[in-house]
Amino acid sequence: LAMRAHRGLLSRKRAMTALYQSLNDADPPIVALLRTFGVLRDPGCVPHIAAVLQHPDKGLVQATERVLQAITARDLGVKPGRWRSWYKRREKRTRVEWLLEAARSLRVKERTLAADELKQLTGETFGYLPQGGWRERRRALAAYRAHFERLAAEEPRESGEIERGQRRSSTPSVS
């Protein structure tokens with residue numbers, strides 16, 4: 001929960017990198033890591049946990065697939081290459097953009113995954129129904145987009161000054 005509050009800060013990026021690297025440990029705590037990535041809905045974990053889809057434990061494979069679906073609102077199966085390829089094409093985009101894209105999918109399952117996540121993020125449906133008509137879905141998606149644009153405009157920008165440390169003065173200090 002604390003990591004959620006640190007969204008966008010360098011400290012969170014460092015912590016997430018450490019978690020990704022822990023997947024390469026000799027005996028990683030995969031279940032705990034999957035739970036963490038799932039709760040955080042961390043988009044950066046996609047290429048890292050895709051390899052778990054090849055694990056011999058079918059329960060871990062299913063859990064990994066559920067986490068990937070929750071994060072991306074996509075159903076790409078259990079082939080790690082599909083997930084890595086999908087991620088590589090979209091890594092520069094935000095998770096909200098991923099969800100809005102999935103909400104336009106031809107697959108009802110993906111639209112349903114996206115609708116659930118969008119409602120969780122906003123507390124609103126804006127009339128979006130995954131099995132509804134395309135006009136109603138398009139209107140609802142425009143409302144979601146406007147909502148997220150409003151939030152982005154209101155969000156304070158982080159300077160990162162705390163993470164970088166204090167700037168050195170170009171003038172010597174007088175004691």
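**Packing, rings and salt bridges in a predicted model**

Me: Lys88 and Arg89 are exposed on the other side of α6. The model is predicted. Which residues of α6 are buried?

Reply: Buried means under 20% relative accessible area. Exposed means over 50%, as for Lys88 and Arg89. The buried residues of α6 are Pro80, Trp83, Trp86, Tyr87 and Arg90.

Me: What arc do they cover around the axis of α6?

Reply: Residues three or four places apart in an α-helix point the same way, because there are 3.6 residues a turn. The buried residues of α6 lie on the same side because their arc around the axis is only 135°.

Me: Which helices do the buried residues of α6 pack against?

Reply: Packing here is judged by contact, with heavy atoms within 4.5 Å. The partners include α7, which spans residues 95-102. The full set is α4, α5 and α7.

Me: Which helix gives the most to the largest nonpolar core?

Reply: This core has 25 residues, and Leu34, Phe37, Val46, Ile49 and Trp83 have the most contacts inside it. At least two core residues come from each of α2 (10-22), α3, α4 (46-49), α5 (58-72) and α6 (80-90). Six come from the helix that gives the most, α5.

Me: Trp83 is in that group with the most contacts. Which residues does Trp83 touch, leaving aside its neighbours within four places in sequence?

Reply: Set those neighbours aside. Contact then takes heavy atoms within 4.5 Å. Trp83 is in contact with Val46, Ala50, Leu53, Leu68, Gln69, Thr72, Arg74, Leu76 and Gly77.

Me: How many residues are in the second core?

Reply: This core is separate. Its members include Ala103, Ala115, Leu118 and Tyr144. Its residue count is 14.

Me: Which residues of α3 are buried?

Reply: Helix α3 covers residues 30-40. Just after α3, Arg41 has a positive phi of about 50°. Within α3, the buried residues are Ile30, Leu33, Leu34, Phe37, Gly38 and Leu40.

Me: The whole structure has five aromatic pairs. At what angle are the ring planes of Tyr20 and Phe37?

Reply: The ring centres are 5.7 Å apart, and the pair counts as tilted because of its plane angle. Tyr20 is in α2 and Phe37 in α3, 17 residues apart. Both are buried: Tyr20 at 12% relative accessibility, Phe37 at 0%. The planes stand at 40°.

Me: What kind of ring pair do Tyr87 and Trp98 form?

Reply: The centres are 6.0 Å apart and the planes stand at 85°. Tyr87 belongs to helix α6 and Trp98 to helix α7, eleven residues apart. Relative accessible area is 14% for Tyr87 and 1% for Trp98. Planes over 60 degrees apart give the class, so the pair is edge-to-face.

Me: Which residues make up the cluster that includes Tyr87 and Trp98?

Reply: Tyr87 and Trp98 have ring centres 6.0 Å apart. Ring pairs bring in one further residue. The cluster is Trp86, Tyr87 and Trp98.

Me: There are nine salt bridges in the structure. What is the N to O distance between Arg41 and Glu117?

Reply: The pair links the loop between α3 and α4, with Arg41, to helix α8 (residues 108-122), with Glu117, 76 residues apart. Arg41 is partly exposed at 22%, whereas Glu117 is buried at 7%. A salt bridge needs the atoms within 4 Å. Here the distance is 2.9 Å.

Me: Arg74 forms a salt bridge with Glu110. How many residues apart are they?

Reply: The closest N and O atoms are 2.6 Å apart. Arg74 lies in the loop between α5 and α6, and Glu110 in α8, with a separation in residues of 36.

Me: Which residue meets Arg90 in a salt bridge?

Reply: The N to O distance is 3.0 Å. The pair ties α6 to α7, parts that are eleven residues apart in sequence. Arg90 is buried at 14%. Its partner, buried at 13%, is Glu101.

Me: Which residues are linked in a network of salt bridges?

Reply: The pair of Arg74 and Glu110 and the pair of Arg90 and Glu101 both contribute residues to the network. The linked residues are Arg74, Arg90, Arg93, Glu101, Arg107 and Glu110.

Methods. Residues numbered from 1 in each chain as written. Predicted model: local features only at pLDDT ≥ 70, side-chain atom pairs only at ≥ 80, totals over all residues. Heavy atoms only, no water. Buried < 20%, exposed > 50% of the residue type's maximum accessible area, 1.4 Å probe, protein only. Helix = DSSP H or I, 4+ residues; strand = E, 2+ residues; numbered from the N terminus. Core = buried A, V, L, I, M, F, W, Y, C linked by side-chain atoms within 4.5 Å. Arc of directions from axis to C-beta. Phe/Tyr/Trp six-rings, centres within 6.5 Å; stacked < 30°, edge-to-face > 60°. Salt bridge = Lys/Arg side-chain N within 4 Å of Asp/Glu carboxyl O.
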